[in-house]
Amino acid sequence: MTRLPEPAVCSSRPAYRVRRACVVATAATLLAACGGGGNSDDGGAVSDQNAEGYAADAATMPVMAGTTASAATVTLQSAVAAATAAPAKPAAEGATLESGSGEARALASTGTNVVPCALGGTVSWVASGPALDLLLNRRLDAGETYDVSYNNCATAITGVVLNGTVQVVVNAADTTGFDLSTTATGLTATTAQGRFVLNGSWQHQLRVTGTANGGTERVNRLVTPLATLDSTVGTRQARYELRQMDWTATDLWNGSGALVSRSHDGALTLFASTPRRPSATLQVATLGTLVIGADGLATSGGFSLVIGGDKWSVSYGATAVTIELDIGNNGSVERTWVVQRLFFHGEAG
C-alpha cells in the first residue's frame with residue numbers, strides 16, 4: 001500500500017503544492033487499497049504522482065532522442081554540401097584505389113573537413129568510400145562512411161547544441177533522401193530542457209519533399225532495437241533505454257532555410273531508471289502526432305502509456321495536459337485529471 005507523506009514533508013512545500021501532494025497521495029492510497037494502480041518493475045503500486053513523472057518521461061525522452069539523432073544528420077548533410085573539397089590522402093596512406101587489380105585494396109578517402117555550424121561551433125569529419133570523385137561531390141552517396149565529430153555545434157534546429165561523435169554509413173541516397181546506418185558515441189544535445197547523451201545504433205531514413213512556398217519537408221524515420229539516453233535536467237540525472245523504437249521526426253523548413261515547425265510520432269518500449277521513482281518499463285505510443293513548440297517540448301497531440309496492466313492516455317491543450325487512467329487497460333476510464341503543461345514537463349527526468 002502507498003504510504004502517505006509525513007506531515008513535515010507536506011508542510012515544507014508551498015501551499016498549492018502541499019494540497020496537491022497530499023490529495024494525490026491520498027487518492028493513490030485509496031486506489032492501491034482497491035487493487036488499482038499499475039506496477040513498476042519493483043512490484044509497487046504506481047501513484048498518480050509517479051504516473052505523471054513516467055508520462056513526462058514518455059513525452060520528453062523519445063522526442064529528445066529523435067531530435068538529437070535527426071539534428072546530427074541534418075547538420076552533417078548541410079556541412080558536406082557547404083564543404084570545400086579536401087585533397088585526397090596520398091596512396092602510401094591507403095587513400096586511393098589500387099589500379100590494375102580489378103578490386104579495391106583500400107577505400108578512397110578525403111582529409112579532415114571542418115565546417116562552421118549554423119549558429120556557432122563546428123562539425124568535422126573524415127569520409128571514405130569506393131569512389132573519390134563521389135566523395136568530393138558534396139553529397140552523401142551509397143557506400144560512403146563518415147566519421148563525424150561535433151564541437152559545440154549550434155544547429156539549425158534552434159536551441160540544440162551538439163557535441164560527441166557519430167559514424168554514418170550511407171546505404172542508399174538520391175535527391176529525395178537517404179537510408180543511413182548510424183552509430184553514436186556520446187552524442188550530446190544541450191537544449192533549454194537539459195543535457196541529453198545518446199549512445200547506440202539506429203537506421204535513419206530521410207524523405208525530402210518540396211513545399212508550395214519554396215521550402216522543404218524533411219521526414220526522418222529512426223529505428224533501433226536498443227539505444228540509451230542519459231539525461232540531466234537541472235540537477236537531476238536519469239538513464240533511459242529506448243527499446244524497439246520506431247520514431248518519426250518531421251521538420252518543415254521555409255525557403256530561407258529556417259525551421260518553421262516540428263512534429264514527432266511513433267512507438268517504443270522505454271525503460272526508465274531515475275532516483276525519483278521506481279524503475280519501470282513503459283509502453284509508449286503517440287496518439288496522432290506530437291507537435292513540438294518553440295520551447296522544444298510537445299504542445300499539442302497526445303500519447304498513451306502502459307505500465308504493468310494499466311494505461312494512461314495523455315492529451316495536450318493550449319496550456320494544460322489531461323491525463324486519463326484506465327485501470328486494467330480494458331477501455332474504461334476510472335480517473336481524469338489536469339496538470340499545467342510546464343509543470344508536467346518539469347516532472348521529466
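Here are four short exercises on a predicted model, each with a worked solution.

**Exercise 1. Find out how confident the predictor is along the chain, and where confidence is lowest and highest.**

Step 1: Start with the whole chain. Its mean pLDDT is 80, and 80% of the residues reach 70 or more.

Step 2: Now look for the extremes. Helix α1 (residues 7–11) has the lowest confidence, with a mean of 32, while strand β4 (residues 145–154) has the highest, at 97.

Step 3: Check for weak stretches. Across residues 1–44 the pLDDT stays under 50, and the model has 59 contacts beyond four places in sequence for them. Residues 85–106 are also below 50, with 30 contacts beyond near neighbours in sequence.

Step 4: Take care when reading such parts. Where pLDDT is low, don't read the predicted coordinates in detail.

**Exercise 2. Describe the largest pocket: its volume, its lining and the elements that build it.**

Step 1: Get the volume, which is about 500 Å³.

Step 2: Look at the lining. It has 25 residues, and Q77, S78, A81, V208 and R218 lie nearest the pocket's centre.

Step 3: Ask which elements give two or more residues to this lining. They are α3, β5 (161–174), β6 (177–191), β7 and β8. The largest share comes from α3, with five residues.

Step 4: Sort the lining of the largest pocket by character: ten residues are nonpolar, ten polar and five charged.

**Exercise 3. Now do the second largest cavity: what lines it, and what character does the lining have?**

Step 1: Count the cavities. There are two of 30 Å³ or more in the structure, and the second largest holds about 70 Å³ of space.

Step 2: Go through the lining of the second largest cavity, which includes A65, G66 and A69, along with W202, T224 and M245.

Step 3: Match the lining to elements. Those giving two or more residues are α3 (48–82), β7 (194–210), β8 (216–233) and β9 (236–253). The top contributor is β8, with four residues.

Step 4: Sort this lining too. You get nine nonpolar residues, two polar ones and no charged ones.

**Exercise 4. Decide whether T319 is buried or exposed, and work out what surrounds it.**

Step 1: Locate T319. You'll find this residue in the loop between β13 (310–316) and β14 (320–326).

Step 2: Compare with the cut-off. Exposed means over 50% relative accessible area. T319 has 53% relative accessibility, so it counts as exposed.

Step 3: List its contacts. Leaving out residues up to four places away in sequence, T319 touches Q340 and R341.

Step 4: Check T299 as well. T319 and T299 are 20 residues apart along the chain, and 8.0 Å separates their C-alpha atoms.

Key:
Residues are numbered from 1 along each chain as its sequence is written. This is a predicted model: local features need pLDDT of at least 70, side-chain atom pairs count only at pLDDT 80 or more; totals for chains, interfaces and linings use all residues. Side-chain values use heavy atoms; hydrogens and water are left out. On a 1 Å grid over the protein atoms alone, a cavity is a set of points where a 1.4 Å probe fits but cannot get out, and a pocket is an open set with protein on both sides within 12 Å along at least five of seven lines; lining residues have an atom within 4 Å of a point. Grid points are joined across faces, edges and corners, and a volume is the space filled by probe spheres set on the points. Ala, Val, Leu, Ile, Met, Phe, Trp, Tyr, Cys and Pro count as nonpolar, Asp, Glu, Lys and Arg as charged, and the others, Gly among them, as polar. Buried means under 20% relative accessible area, exposed over 50%, partly exposed in between (1.4 Å probe, protein chains only). Contact means heavy atoms within 4.5 Å. pLDDT is the predictor's confidence in each residue, from 0 to 100.
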